[in-house]
Amino acid sequence: MKAKPPEGPFRIARSSTGLGLFATDVIEKGTFIIEYVGPKITSEEVERRRNTRYLFEINSRWTVDGSPRWNTARYINHGCRPNAQATVSRGKIRIKAIKRIKPGDEITYNYGKNYFETFIKPMGCKCQSCERKRAKQASA
C-alpha cells in the first residue's frame, strides 16, 4: 500500500534524523495536529516485537503499531524540547501543539524515557536542541 499524501498543515520531508513532519502553515498552541494510528496489538504481541520502533503504548493491555506508512504521525521525530505532545484519551493517541509552530518548523514530541534509553541514547540524540548544544560546546 502506497503512502497517501498527508492531510493537514504539514508535509513529510528530509530531517536531520531521517524523515520528519514539518509545518506548512502556522499551528497555534493547543491545536490538534494529527492522530497516531495503526493496528492495536496486545502486550503479549509487543513482547514478540521487542525492537520495533513504532509501538505506542495506550495502556497496560494495548499498544498501537504505528509502522504502516499510512500512519503519517509516525514521521514526527523525538525532540528533547518539543513543540507538540502526545496524549492518550479513550484509546486514541492525539498529537497537539504545546507551542506555536511556524511554517517550516519540524513537529516533534518527547518519546519518553523508555524509548529514549532503548533507541536514542545509545546512538546519541540528534534533535535540534541537542545538536545546538553540541555545536555550542564544540565552539567554546
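This briefing covers the pockets, sheets and aromatic rings of one structure. The model is predicted. Its largest pocket has a volume of about 1200 Å³. Two open sheets of three strands are described, one in the order 4-6-5 and one in the order 3-9-8. Ring pairs also link six named residues, Y36, F56, Y109, Y111, Y115 and F119, into a cluster.

**The largest pocket**

- The volume of this pocket is about 1200 Å³.
- Its lining is made up of 39 residues.
- Nearest the centre of the largest pocket lie R53, L55, Y111, Y115 and F119.
- Four elements each supply at least two lining residues: helix 1 (43–48), strand 5 (55–57), strand 7 (77–78) and helix 2 (113–120).
- Helix 2 gives the most, with six residues.
- Sorted by class, the lining of the largest pocket holds 17 nonpolar, 14 polar and eight charged residues.

**The second largest pocket**

- About 440 Å³ of space lies in this pocket.
- The second largest pocket has 23 lining residues.
- R81, T108, Q128, S129 and R132 are the ones nearest its centre.
- Strand 7 and helix 3 (128–139) are the elements that give two or more residues to this lining.
- Helix 3 provides the largest share, three residues.
- By class, the lining of the second largest pocket divides into four nonpolar, 11 polar and eight charged residues.

**The sheet 4-6-5**

- Three strands form this open sheet, and their pairing is antiparallel.
- Strand 4 (40–42) and strand 5 stand at the edges. Each has a single partner strand, so one side of each is left without a neighbour in the sheet.
- On average, neighbouring strands of this sheet are turned by 40 degrees against each other, direction ignored.
- Strand 4 pairs with strand 6 (residues 62–65) over three bridges, in the antiparallel sense.
- K40 has V64, in strand 6, as its bridge partner.
- Strand 5 also appears in the pocket story: it supplies at least two residues of the lining of the largest pocket.

**The sheet 3-9-8**

- This open sheet has three strands too, again with antiparallel pairing.
- Which strands stand at the edges? They are strand 3 (32–36) and strand 8 (84–89). Each has a single partner strand, so one side of each has no neighbour in the sheet.
- Neighbouring strands here are turned by 30 degrees against each other on average, direction ignored.
- Strand 8 and strand 9 (residues 92–97) run antiparallel and are joined by six bridges.
- S89 stands opposite K92, which lies in strand 9.

**Aromatic pairs**

- With ring centres required to lie within 6.5 Å, the count comes to five aromatic pairs.
- One of them joins F56 and Y109. This pair is tilted, at 6.4 Å centre to centre and 55 degrees between the planes.
- F56 lies in strand 5 and Y109 in strand 10 (residues 108–109), so the pair ties together parts that are 53 residues apart in sequence.
- Are F56 and Y109 buried or exposed? F56 is buried, with a relative accessible area of 16%. Y109 is buried as well, at 6% relative accessibility. The cut-off for buried is under 20%.
- Y109 also pairs with Y111. That pair is tilted too, at 5.2 Å centre to centre and 50 degrees between the planes.
- Y111 is partly exposed, because its relative accessible area is 23%.
- The ring cluster and the largest pocket share residues: Y111, Y115 and F119 belong to the cluster, and these three are among the residues nearest the centre of the largest pocket.

**The loop residue M123**

- Where does M123 lie? M123 sits in the loop between helix 2 and helix 3.
- M123 counts as exposed, because its relative accessibility is 62% and the cut-off for exposed is over 50%.
- M123 and T108 are 15 residues apart along the chain, and their C-alpha atoms are separated by 18 Å.
- T108 is one of the residues nearest the centre of the second largest pocket.

Conventions: Residues are numbered from 1 along each chain as its sequence is written. This is a predicted model: local features need pLDDT of at least 70, side-chain atom pairs count only at pLDDT 80 or more; totals for chains, interfaces and linings use all residues. Side-chain values use heavy atoms; hydrogens and water are left out. On a 1 Å grid over the protein atoms alone, a cavity is a set of points where a 1.4 Å probe fits but cannot get out, and a pocket is an open set with protein on both sides within 12 Å along at least five of seven lines; lining residues have an atom within 4 Å of a point. Grid points are joined across faces, edges and corners, and a volume is the space filled by probe spheres set on the points. Ala, Val, Leu, Ile, Met, Phe, Trp, Tyr, Cys and Pro count as nonpolar, Asp, Glu, Lys and Arg as charged, and the others, Gly among them, as polar. Two strands pair if DSSP finds at least two bridges between them. Axes are lines fitted to C-alpha atoms, for helices over the stretch in contact, and angles run from 0 to 180 degrees between N-to-C directions. Rings of Phe, Tyr and Trp (its six-membered ring) pair if their centres lie within 6.5 Å; planes under 30 degrees apart count as stacked, over 60 as edge-to-face and the rest as tilted. Buried means under 20% relative accessible area, exposed over 50%, partly exposed in between (1.4 Å probe, protein chains only).
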